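User: Hey, got a minute to walk me through this fold? I'd like to start with the sheet and go on from there.

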Amino acid sequence: MATVKVDNGNFQADVLNAKEPVVVDFWAEWCGPCKMIGPSLEEIAKELGSKVKVAKLNIDENPELAAQYGVRSIPTLMIFKGGEMTDMKVGAAPKTALSNWINGAIA
């Protein structure tokens with residue numbers, strides 16, 4: 001499954017009400033580290049298929065959601081299960097580390 005774009009309009013449906021765990025990438029266009037992990041997240045989304053949904057949320061376009069979840073620096077990755085945030089990772093990391101973290105958190 002490819003990554004999906006989420007915003008104020010579909011966050012409730014695509015993240016909080018999702019049946020599968022959702023990794024939300026809080027990012028911005030101007031953020032270098034965010035751009036570095038983007039391709040890795042795309043690959044992880046395809047590798048894990050229906051086991052997990054990977055969603056990208058642009059904090060410049062959705063500052064209310066970023067504030068609501070206490071995002072202070074980006075990239076910030078959060079894992080949501082059953083409508084609740086269950087894990088969080090701040091900062092860029094290599095694909096292997098991201099994949100291990102996601103697999104561990106959704107197990």
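Analyst: Sure, here is a run through the sheet, the helices and a few single residues.

Analyst: Before that, this is a predicted model, so to speak: local features need pLDDT of at least 70, side-chain atom pairs count only at pLDDT 80 or more, and totals for chains, interfaces and linings use all residues. Residues are numbered from 1 along each chain as its sequence is written, and side-chain values use heavy atoms, with hydrogens and water left out.

User: Fine. What order do the five strands of the sheet come in?

Analyst: The order is β1-β3-β2-β4-β5, in an open sheet with mixed pairing. Helices (H or I, at least four residues) and strands (E, at least two) are DSSP runs, numbered from the N terminus. Two strands pair if DSSP finds at least two bridges between them.

User: And which are the edge strands?

Analyst: β1 and β5 (84–90), each of which pairs on one side only.

User: Go through the pairings for me. How many bridges join β1 to β3?

Analyst: Two, and these strands run parallel. K5 sits opposite K56 there, and V4 is opposite A55. Next, β3 (residues 53–58) pairs with β2 (residues 22–27) in the parallel sense, over six bridges. In that pairing V22 faces K53, and F26 has L57 as its bridge partner.

User: What about the other side of β2, with β4?

Analyst: That pairing is antiparallel, with five bridges between β2 and β4 (residues 76–81). D25 partners L77, and F26 stands opposite T76. T76 in turn has V90 of β5 as a bridge partner; β4 and β5 are antiparallel and joined by six bridges.

User: Is β2 buried or exposed?

Analyst: Mostly covered: six of its six residues are buried, meaning under 20% relative accessible area, with exposed over 50% and partly exposed in between (1.4 Å probe, protein chains only). V22, V24 and F26 point one way, V23, D25 and W27 the other, and all are buried.

User: And which residues of β3 lie on each side?

Analyst: K53, A55 and L57 are on one side and V54, K56 and N58 on the other, all of them buried. With six of its six residues buried, β3 is largely enclosed by the rest of the structure. β4 is also largely enclosed, because five of its six residues are buried.

User: D25 caught my eye. Why does it count as buried?

Analyst: Because its relative accessibility is 0%. Leaving aside neighbours within four places in sequence, D25 is in contact (heavy atoms within 4.5 Å) with I37, L41, A55, K56, L57, P75, T76 and L77.

User: P75 is on that list. Where is it?

Analyst: P75 is in the loop between α3 (63–68) and β4. The peptide bond from I74 to P75 is cis, with omega near 0 degrees.

User: Any odd backbone angles in the β4 and β5 hairpin? What does G82 do?

Analyst: G82 takes a positive phi near 55 degrees, in a hairpin with two residues between the strands. As background, most residues other than glycine have a negative phi, and most peptide bonds are trans.

User: OK, helices. At what angle do α2 and α4 pack?

Analyst: About 45 degrees, with the axes of α2 (residues 32–48) and α4 (residues 95–106) 10 Å apart. Axes are lines fitted to C-alpha atoms, for helices over the stretch in contact, and angles run from 0 to 180 degrees between N-to-C directions. That makes α2 oblique to α4; angles under 35 degrees count as roughly parallel, over 145 as roughly antiparallel, 65 to 115 as roughly perpendicular and the rest as oblique.

User: Which residues of α2 and α4 make the contact?

Analyst: I37, S40, L41, E43, I44, E47 and L48 from α2, with K95, L98, S99, I102, N103 and I106 from α4.

User: Last one: what about N8, out in the loop?

Analyst: N8 lies in the loop between β1 (4–5) and α1 (11–16), and its 42% relative accessibility makes it partly exposed. N8 and N62 are 54 residues apart in sequence, yet their C-alpha atoms are 6.4 Å apart in space. Not counting residues up to four places away in sequence, N8 touches N62, E64 and L65.
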